[in-house]
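Thanks for passing this one along. Here are my notes, set out point by point so you can follow them with the model open beside you.

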Amino acid sequence: MEEVYALVDCNNFYASCERVFDPSLEGKPVVVLSNNDGCVIARSAEAKKLGIRMGAPAFLFEELLKKHGVRIYSSNYPLYGDLSRRVMDSLRRFAPEMEVYSIDEAFLRLTGMAGAGSADYARRVRADVKRWTGIPVSIGLGPSKTLAKLANKIAKRDGQHGGVFSIINHPFADELLDTVKVEDVWGIGRQYGKLLNNAGISTARRLRDAPDRWVKKHLTIVGLRLVWELRGISCVSLEEAPPPKKAIACTRSFGRHVESAEELREAVAFFTTRAAEKLRAQGSAAACLQVFIATDRFRPGDPQYADAVTLKLSRPTAYTPELIRRALRCLDTLYRPGYRYRQAGVILSGITSLGDVQPGLFDTPGRETKRRELMETVDRVNRTMGRDTVRCGAEGVRKPWGMRQRKLSPRYTTRWSELPAVR
């Protein structure tokens, strides 16, 4: 039985999320900016046609944005994350096996499902996801994950396919692979792309037809698996449960320069809370904590200072108050008065399973159990009632150091006070 994989990719995801609750944006150029409204991190198809580059500082395109009436939005990660969850929940209805590859991409294994290898099935998936979530998607079908990824590129690139393309048993598969640059093949990248181009392997087809011995020598066994995938032999299985992250970070640039120790302490406490939430979400605890602070390197006239402190914990933990206490101790050794700080961050590492953490010899009986139950309750309340409904006092309330988000849309689906109004 031939394997059948589908890669489902949300089209211009962040821009599409903004359009879900504002239909007036349809057909108009939309861009989404990074933290502190700095750089362009998402563009609608209309914005791409205007020549607005991905990652470019927004101020470089200020006149162009005004001239063409481009709608500009600050990044609204709570909204994007929730709509991503809804898209993924919708996709799970169509396949018994699924891998969430990124916030806007997922692989489906459709092997053995009646009619699953046809473009008609994919069109049904596409139509239902759009109807249920408002997010348009493109779908590529292939006998391997690599070919499904490649087919998805074709589905997005060529409008005549209606957002769906299958390379399974395609009569012109060779010609299609000839149109794909080798550096654009999933898993190749820029460095391997240079090596392959220098060897005369410039397209996906040439890579597919390269000798196994040469590929293994220059691209290792991982590259050889990729070549077999291009030949239609499935070698990369789905990761239905992605492995826990080995390090979790929360780092931000401030909306304005910060000079006082009090504001820095609030920021570091806030970042620690966010990192601890991510840690618990994957059922882990951290044995190592790092805190760093830095001034603005883009203001060379200002005195410059940057440093970090790493602390090894006596026992892994995911208990937010404990992590905040340790992080603030690190900050106290880092802070130097007289500087204008622009960035800070917290990194948790030495990650292990929360279930493997043993209580200390001199701990109060049941202390770890009570800590876990408390954090589970806090996380549950914040998931149900909205983020930061319950939080540590060390994080502050007003957060004057917070990110600059002058064009932030409402968090329609995660904040009660910002629910869409129907008139």
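**Notes on the predicted model**

1. Let me begin with Leu419: at 45% relative accessibility, this residue counts as partly exposed. Leu419 sits in the segment that follows α13 (367-385). Please bear in mind throughout that this is a predicted model.

2. Leu419 also has nonpolar company on the surface: together with Met385 and Trp416 it forms a patch with about 350 Å² of accessible area.

3. Helix α1 (residues 13-20) is a nice contrast. Seven of its eight residues are buried, so the helix is largely enclosed by the rest of the structure. The buried ones are Phe13, Tyr14, Ala15, Ser16, Cys17, Glu18 and Arg19. What do the buried residues of α1 pack against? Their partners are the strands β1 (5-10), β2 (30-33), β3 (40-43) and β4 (71-74), along with the helices α2 (45-49) and α4 (77-91).

4. Just before that helix, have a look at Asn11, in the loop between β1 and α1. With a relative accessible area of 15%, Asn11 is buried, because the cut-off for that class is under 20%. Setting aside neighbours within four places in sequence, Asn11 is in contact with Ser16, Arg126, Pro136, Val137, Ser138 and Lys156.

5. Now to the interior. In soluble globular proteins, nonpolar side chains tend to be buried together. Here the largest nonpolar core has 33 residues, and those with the most contacts inside it are Phe13, Leu91, Leu108, Leu110 and Ile139. Two or more residues come from each of β1, α1, α4, β6 (105-109), α5 (119-133) and β7 (137-142). Helix α4 gives the largest share of this core, six residues. Apart from it lies another core of 32 residues, including Phe270, Ala286, Leu323 and Trp401.

6. Finally, the cysteines. How many disulfides are there? The count comes to zero. For Cys10, the closest cysteine sulfur is that of Cys17, at 7.4 Å, which is too far for a bond because a disulfide needs the two sulfur atoms within 2.5 Å. Cys10 counts as buried, at 2% relative accessibility.

7. Cys330 deserves a look as well. Its nearest cysteine sulfur belongs to Cys288 and is 9.1 Å away, and Cys330 is in no disulfide. Is Cys330 buried or exposed? With a relative accessible area of 3%, Cys330 is buried.

Definitions and conventions. Residues are numbered from 1 along each chain as its sequence is written. This is a predicted model: local features need pLDDT of at least 70, side-chain atom pairs count only at pLDDT 80 or more; totals for chains, interfaces and linings use all residues. Side-chain values use heavy atoms; hydrogens and water are left out. Patches are made of residues with over 30% relative accessible area and no salt bridge: like charges are joined within 9 Å, nonpolar side chains (Val, Leu, Ile, Met, Phe, Trp, Tyr) within 5 Å. Accessible areas come from the Shrake-Rupley method with a 1.4 Å probe; for residues, only the protein chains shown count as cover. A salt bridge is a side-chain nitrogen of Lys or Arg within 4 Å of a carboxyl oxygen of Asp or Glu. Helices (H or I, at least four residues) and strands (E, at least two) are DSSP runs, numbered from the N terminus. Buried means under 20% relative accessible area, exposed over 50%, partly exposed in between (1.4 Å probe, protein chains only). Contact means heavy atoms within 4.5 Å. A nonpolar core is a set of buried Ala, Val, Leu, Ile, Met, Phe, Trp, Tyr and Cys residues joined through side-chain atoms within 4.5 Å.
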